[in-house]
Amino acid sequence: MRPSPTTPFDARQDLADAPRTGERQRPKDAATLILTRGTPGSSEILMGRRAPGHVFMASKWVFPGGRIERADYAAASATDLPHQDAARLAREGNARRARALALTAVRETFEETGLMLAEPAPVASVAGPWREFRAVGALPDLAALSYVARAITPPGRTRRFDARFFMADALALLHPEPTAGSGELDEIAWMPLAEAQGLDLPAITRFVLGEVAERLVQPRRPLPFVRVVRGTHHVEHQD
């Protein structure tokens with residue numbers, strides 16, 4: 001990995017988003033999906049606003065996502081991750097976890113927005129968090145995903161995640177418009193990329209939005225990894 005020539009990340013805002021509480025906890029694996037539509041010059045991004053009652057990032061606009069579930073390790077899919085993206089993820093752990101993280105991003109997006117990055121499939125009855133997804137008659141389309149960023153919540157926060165960010169084009173969705181979802185997001189909307197930058201965003205979401213804008217023009221950019229090293233935020237890029 002090589003250090004980024006600049007660090008376009010607002011560490012002060014990151015602390016304001018989630019003040020230190022002194023808690024000691026290991027970050028939990030999580031995944032996020034950034035859905036885009038349109039052309040690079042007029043792209044829209046799917047964003048959701050977290051409900052005001054949340055302990056973590058209340059009322060902030062975010063991408064749909066959440067932590068990994070045990071069922072994500074065994075869930076079926078219609079397609080596999082692109083080889084290069086799967087290899088990048090596997091370097092951080094192993095191939096099984098890489099696939100599970102991709103499935104987490106698809107599942108959490110469905111739960112929070114009703115949108116399905118999927119291909120049609122026979123209806124199936126399964127137990128656990130994939131029950132509603134499979135009951136619709138669909139299987140996740142992992143080939144539509146691109147792995148674009150990683151960020152670990154700094155120590156001492158109320159919640160800590162080792163989050164992987166994926167992108168996908170809305171053309172891969174079974175249905176183009178979101179529904180109410182689980183209620184975790186109290187508003188869900190497609191919005192122009194430039195307009196999204198003006199929302200009340202967590203620092204990491206603002207950083208990743210900038211990365212998305214660059215990737216729409218240059219899809220194979222080095223992957224940024226945001227974390228705290230010896231008390232200071234660092235952004236490294238992996239080829």
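**Exercise 1. Work out how covered helix 3 is, and what sits at its two ends.**

Solution. Start with burial: 14 of the 19 residues in helix 3 are buried, so the helix is mostly covered. Keep in mind that this is a predicted model.

Next, check the length. Helix 3 covers residues 95-113, and from first C-alpha to last it reaches 27 Å, close to the 27 Å expected at 1.5 Å a residue.

Now look at the ends. At the start, a side-chain oxygen of Asn 94 comes to within 3.1 Å of the backbone nitrogen of Arg 96. After the helix comes Gly 114, with a positive phi near 80°.

**Exercise 2. Find which elements supply the largest nonpolar core, and which residues touch the most other members.**

Solution. Begin with the members. The core has 36 residues, and those touching the most other members are Leu 33, Leu 35, Leu 117, Phe 133, Leu 145 and Phe 166.

Then trace where core residues come from. Strand 2 (28-37), helix 3, strand 9 (161-169) and strand 10 (185-192) each put in at least two. Helix 3 gives the most, with eight residues.

Don't stop at one core, though: a separate second one has 26 residues, among them Met 167, Leu 199, Ile 204 and Val 226. As background, nonpolar side chains in soluble globular proteins tend to be buried together.

**Exercise 3. Place Glu 92 and list what it touches.**

Solution. First, the location: Glu 92 is in the loop between helix 2 (83-91) and helix 3.

Second, the neighbours. Leaving out residues up to four places away in sequence, Glu 92 touches Tyr 147, Arg 150, Arg 164 and Gln 238.

Third, pick out the polar pair: the side chains of Glu 92 and Arg 164 are joined by a polar contact of 3.1 Å. Two of the residues in that neighbour list turn up again in the sheet, where Arg 150 has Arg 164 in strand 9 as its bridge partner.

**Exercise 4. Follow the strand pairing outward from strand 8 and say which way each pair runs.**

Solution. Take strand 8 (residues 146-152), which is mostly covered, with six of its seven residues buried.

Step one goes to strand 9: six bridges join the two, and they run antiparallel.

Step two goes to strand 11 (residues 223-229), joined to strand 8 by two bridges and running parallel. Here Ala 151 is partnered by Val 226, a residue of the second core.

Step three carries on from strand 11 to strand 12, an antiparallel pair with seven bridges. Val 228 stands opposite His 233 in strand 12. These two strands form a hairpin with two residues between them, and Arg 230 in the turn has a positive phi of about 50°. Strand 12 (residues 232-238) is mostly covered too, with five of its seven residues buried.

**Exercise 5. Decide whether Phe 63 and Arg 215 are buried or exposed, and describe the surroundings of each.**

Solution. Phe 63 sits in the loop between strand 4 (61-62) and strand 5 (65-67). Its relative accessible area is 5%; the cut-off for buried is under 20%, so Phe 63 counts as buried. Beyond four places in sequence, its contacts include Thr 32, Phe 165, Thr 205, Val 208 and Leu 209. Thr 32 is 31 residues away in sequence, but the C-alpha atoms are 6.4 Å apart.

Arg 215 lies in helix 6. With a relative accessible area of 5%, Arg 215 is buried as well. A polar atom of its side chain lies 2.9 Å from the backbone oxygen of Arg 221. Arg 215 also touches residues including Arg 88, Val 148, Met 167 and Pro 224.

Finish with helix 6 itself (residues 203-215). Its 13 residues should span 18 Å at 1.5 Å a residue, and the end C-alpha atoms are 19 Å apart, which agrees. Among its buried residues are Thr 205, Val 208 and Leu 209, three of the contacts of Phe 63.

**Exercise 6. Judge where the model can be read in detail.**

Solution. Mean pLDDT is 87, and 87% of the residues reach 70 or more. Residues 1-7 stay under 50. Where pLDDT is low, predicted coordinates should not be read in detail.

Methods: Residues are numbered from 1 along each chain as its sequence is written. Side-chain values use heavy atoms; hydrogens and water are left out. Helices (H or I, at least four residues) and strands (E, at least two) are DSSP runs, numbered from the N terminus. The expected span of a helix is 1.5 Å times one less than its number of residues. Buried means under 20% relative accessible area, exposed over 50%, partly exposed in between (1.4 Å probe, protein chains only). A polar contact is a pair of N or O atoms within 3.5 Å; within protein, one must be able to donate a hydrogen and the other to accept it, and residues adjacent in sequence count only if both atoms are side-chain atoms. A nonpolar core is a set of buried Ala, Val, Leu, Ile, Met, Phe, Trp, Tyr and Cys residues joined through side-chain atoms within 4.5 Å. Contact means heavy atoms within 4.5 Å. pLDDT is the predictor's confidence in each residue, from 0 to 100. Two strands pair if DSSP finds at least two bridges between them.
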